[in-house]
Amino acid sequence: MPRTQVGAVELYYELHGPEGAPVVALVNGILMNAATGWLAQRDAFAARYRLLLHDCRGQGQSDHPDEPYSIAVHADDLAGLFDALGIARAHVLGLSYGGEVAQAFAIAHPGRLLGLVLANTVSEVGPELRLVVESWADVARRAVPDEFFRVTVPWNFSPPFIRTHQALLEEARRRYAQLDYPAVVRLCDAFLALHLTPDLHRIAASTSVIWAEHDLIKGRAYADILLRHIAGAEGHEVHGAGHAAHWEQPAEFNRIALEFLARIDASTRGPRGSTSV
């Protein structure tokens with residue numbers, strides 16, 4: 001499995017699609033991993049782009065250091081991964097926790113960014129969202145997979161999706177048994193420390209903000225904050241989906257993101273990023 005050293009950690013990554021095409025990095029949600037989390041996006045994006053998937057530290061097949069994580073550290077890790085793979089600049093699409101990492105990346109490393117897609121994500125943690133994620137962290141500390149599955153799934157998926165995709169959710173339940181729960185707690189703690197709204201005005205890249213119609217935890221109100229504070233940002237709603245919109249309505253999610261990126265590519269002159277692998 002491909003891993004590379006980035007600072008003090010090794011990060012797992014995958015590359016798909018044609019070498020020499022503009023690079024798009026998709027950044028995972030908190031409970032996702034690169035190997036399985038983007039299956040509904042991989043072929044659609046790789047048909048046009050050099051697609052980079054990776055696990056943040058504490059996720060999947062990357063290192064899980066026993067130390068606090070932060071959104072800023074994840075953003076620096078992504079920049080280090082670009083360096084390790086010879087990527088000058090790239091589009092970045094972050095979903096949920098990955099969207100928070102993408103915001104921090106856009107603020108700290110603006111010269112590495114072509115375009116930015118922020119999907120089902122937030123720039124701050126309101127009291128209602130804090131209660132939800134604190135409850136996740138509390139259950140994760142007990143490291144009981146079925147209990148963690150039950151406390152997270154109703155927030156991540158819409159009721160119709162839960163009713164009609166039992167086989168998919170049972171597969172997810174099995175993956176919960178393999179989670180590193182101390183690392184999950186560290187990821188939750190990193191999220192709960194989030195406070196990016198005051199710095200959003202520093203994001204200069206063309207930005208698309210995506211929210212889902214039935215997202216119970218990171219819905220339209222949080223998208224509106226992003227739209228108010230990021231100059232020129234455009235907004236799009238994924239209809240009929242809960243928080244995991246890329247799973248529930250992948251065709252619409254992919255269309256929105258890819259049409260936005262294609263418009264940036266059509267209007268961008270100069271180097272678009274490259275990879276040495």
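Eight strands form an open sheet in the order β1-β2-β4-β3-β5-β6-β7-β8, and their pairing is mixed. The sheet ends at β1 (3-6) and β8 (234-238), edge strands that each pair on one side only. The structure is a predicted model. Apart from the sheet, this briefing covers two pockets: the largest has a volume of about 740 Å³, and the second largest holds about 180 Å³ of space.

**Sheet geometry and strand pairing**

- With direction ignored, neighbouring strands of the eight-stranded sheet are turned by 25 degrees against each other on average.
- Strand β6, residues 113-119, runs parallel to strand β7, residues 206-212, and five bridges join the two.
- Within this pairing, Leu118 has Val209 of β7 as its bridge partner.
- Helix α9 (residues 220-229) packs on the sheet and touches β6, β7 and β8. The direction of α9 makes about 170 degrees with that of β7.
- Strands β7 and β8 also pair in the parallel sense, over five bridges.
- Ser208 has its bridge partner in β8, namely Glu234.
- From β7 the chain passes through α9 to reach β8, and this β-α-β crossover is right-handed.

**Largest pocket**

- The volume of the largest pocket is about 740 Å³.
- Its lining comprises 39 residues, and those nearest the pocket centre are Gly29, Ile30, Leu31, Met32 and Asn33.
- Two or more lining residues come from each of the helices α4 (127-142), α5 (145-156), α7 (166-176), α8 (181-192) and α10 (245-248).
- By residue class, the lining of the largest pocket contains 20 nonpolar, 15 polar and four charged residues.

**Second largest pocket**

- The second largest pocket encloses about 180 Å³ of space.
- It is lined by 13 residues, of which Ser70, Ile71, Ala72, Ala104 and Leu196 are the closest to its centre.
- The elements contributing two or more residues to this lining are α2 (71-85) and α3 (97-108).
- The lining of the second largest pocket divides into ten nonpolar residues, two polar residues and one charged residue.

Terms used. Residues are numbered from 1 along each chain as its sequence is written. This is a predicted model: local features need pLDDT of at least 70, side-chain atom pairs count only at pLDDT 80 or more; totals for chains, interfaces and linings use all residues. Side-chain values use heavy atoms; hydrogens and water are left out. Two strands pair if DSSP finds at least two bridges between them. Helices (H or I, at least four residues) and strands (E, at least two) are DSSP runs, numbered from the N terminus. Axes are lines fitted to C-alpha atoms, for helices over the stretch in contact, and angles run from 0 to 180 degrees between N-to-C directions. Contact means heavy atoms within 4.5 Å. A crossover is right-handed if, with the strands pointing away from the viewer, the path from the first strand over the helix to the second runs clockwise. On a 1 Å grid over the protein atoms alone, a cavity is a set of points where a 1.4 Å probe fits but cannot get out, and a pocket is an open set with protein on both sides within 12 Å along at least five of seven lines; lining residues have an atom within 4 Å of a point. Grid points are joined across faces, edges and corners, and a volume is the space filled by probe spheres set on the points. Ala, Val, Leu, Ile, Met, Phe, Trp, Tyr, Cys and Pro count as nonpolar, Asp, Glu, Lys and Arg as charged, and the others, Gly among them, as polar.
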